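Subject: Handing over a structure

Hi,

Here is the structure I said I would pass on. Have a look through it first, and then read on for what turned up.

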Amino acid sequence: MGDQKDGALMLPLTLMADMAIHTRPITSIYLPEGEFAALAATLICEESTA
(Lines give C-alpha, C1' and ligand atoms only; values in the text may rest on other atoms or scores of the structure.)
Protein backbone atom coordinates (compact mmCIF):
# COMPACT_ATOMS: atom_id res chain seq x y z
CA MET A 1 0.00 0.00 0.00
CA GLY A 2 1.56 3.27 -1.01
CA ASP A 3 4.63 4.30 -2.95
CA GLN A 4 8.13 5.25 -1.84
CA LYS A 5 9.81 8.55 -2.65
CA ASP A 6 13.22 9.33 -1.15
CA GLY A 7 12.67 6.50 1.35
CA ALA A 8 9.43 8.01 2.71
CA LEU A 9 6.14 6.16 2.41
CA MET A 10 3.72 8.06 0.17
CA LEU A 11 0.02 7.19 0.50
CA PRO A 12 -2.37 7.60 -2.45
CA LEU A 13 -5.51 9.71 -2.25
CA THR A 14 -7.86 8.99 -5.15
CA LEU A 15 -10.95 11.04 -5.96
CA MET A 16 -13.68 10.06 -8.42
CA ALA A 17 -16.68 12.06 -9.54
CA ASP A 18 -19.60 11.01 -11.71
CA MET A 19 -20.26 13.97 -13.98
CA ALA A 20 -22.43 12.23 -16.56
CA ILE A 21 -23.40 8.66 -17.35
CA HIS A 22 -20.20 8.08 -19.38
CA THR A 23 -17.87 10.56 -17.67
CA ARG A 24 -15.94 9.83 -14.46
CA PRO A 25 -12.74 11.82 -13.91
CA ILE A 26 -10.27 10.14 -11.56
CA THR A 27 -7.44 11.99 -9.86
CA SER A 28 -4.74 10.52 -7.61
CA ILE A 29 -2.15 12.33 -5.53
CA TYR A 30 0.51 10.83 -3.28
CA LEU A 31 1.11 12.37 0.14
CA PRO A 32 3.58 11.65 2.94
CA GLU A 33 1.95 9.70 5.77
CA GLY A 34 1.67 12.74 8.09
CA GLU A 35 0.03 14.94 5.46
CA PHE A 36 -2.32 12.11 4.48
CA ALA A 37 -3.40 11.69 8.13
CA ALA A 38 -3.97 15.46 8.53
CA LEU A 39 -6.07 15.62 5.35
CA ALA A 40 -8.06 12.52 6.33
CA ALA A 41 -8.78 13.99 9.78
CA THR A 42 -9.96 17.23 8.18
CA LEU A 43 -12.24 15.42 5.73
CA ILE A 44 -13.72 13.21 8.46
CA CYS A 45 -14.34 16.26 10.65
CA GLU A 46 -16.10 18.12 7.80
CA GLU A 47 -18.17 15.04 6.98
CA SER A 48 -19.41 14.64 10.56
CA THR A 49 -20.49 18.29 10.79
CA ALA A 50 -22.39 18.26 7.49
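Before we start, one term: a polar contact is a pair of N or O atoms within 3.5 Å, where, within protein, one must be able to donate a hydrogen and the other to accept it. You will need that for Ser28 and Thr14, whose side chains are joined by a polar contact of 2.9 Å. Please also keep in mind that this is a predicted model.

**The overall picture**

The chain holds one helix and three strands. Read from the N terminus, the order is β-β-β-α. There are 50 residues in the chain, and buried ones make up 8% of them. The chain exposes about 4300 Å², with carbon and sulfur atoms supplying 60% of that area. As for contacts between residues at least 6 apart in sequence, 12% of them join residues at least 24 apart.

**How confident is the prediction?**

Mean pLDDT for the chain comes to 79, and 78% of the residues reach 70 or more. Which element has the lowest mean pLDDT, and which the highest? Strand 1, residues 3–5, sits at the bottom with 62, while strand 3 is at the top with 87. I'd keep those two values at hand while you browse.

**Ser28 and its partners**

Back to that polar contact. Ser28 belongs to strand 3, and its relative accessibility of 40% makes it partly exposed. Setting aside neighbours within four places in sequence, Ser28 is in contact with Leu13 and Thr14. Along the chain, Ser28 and Thr14 are 14 residues apart, yet their C-alpha atoms are separated by 4.3 Å. On top of that comes the link between their side chains, the 2.9 Å polar contact.

**The loop between strands 2 and 3**

Next, find Thr23, which is in the loop between strand 2 (8–16) and strand 3 (26–32). Thr23 is partly exposed, at 38% relative accessible area. Not counting residues up to four places away in sequence, Thr23 touches Ala17 and Asp18.

Asp18 has another partner too. Which residue's side chain does Asp18 meet in a salt bridge? That would be Arg24, with 2.6 Å from N to O. In general, side chains of opposite charge can pair when their charged atoms come close. How many salt bridges are there by this rule? The count comes to one. Is Asp18 buried or exposed? Asp18 counts as exposed because its relative accessible area is 56%, and the cut-off for exposed is over 50%. Arg24 is partly exposed, at 47% relative accessibility.

**Leu39 on the helix**

Last stop: Leu39, which lies in helix 1, residues 33–49. With 30% relative accessibility, Leu39 is another residue that counts as partly exposed. Beyond its neighbours within four places in sequence, Leu39 is in contact with Leu13 and Leu31. Leu39 and Leu13 are 26 residues apart along the chain, and their C-alpha atoms are separated by 9.6 Å. You have met Leu13 already, as one of the residues in contact with Ser28.

That's what I have for now. Happy browsing!

Cheers

Methods: Residues are numbered from 1 along each chain as its sequence is written. This is a predicted model: local features need pLDDT of at least 70, side-chain atom pairs count only at pLDDT 80 or more; totals for chains, interfaces and linings use all residues. Side-chain values use heavy atoms; hydrogens and water are left out. A salt bridge is a side-chain nitrogen of Lys or Arg within 4 Å of a carboxyl oxygen of Asp or Glu. Buried means under 20% relative accessible area, exposed over 50%, partly exposed in between (1.4 Å probe, protein chains only). Helices (H or I, at least four residues) and strands (E, at least two) are DSSP runs, numbered from the N terminus. Contact means heavy atoms within 4.5 Å. Accessible areas come from the Shrake-Rupley method with a 1.4 Å probe; for residues, only the protein chains shown count as cover. pLDDT is the predictor's confidence in each residue, from 0 to 100.
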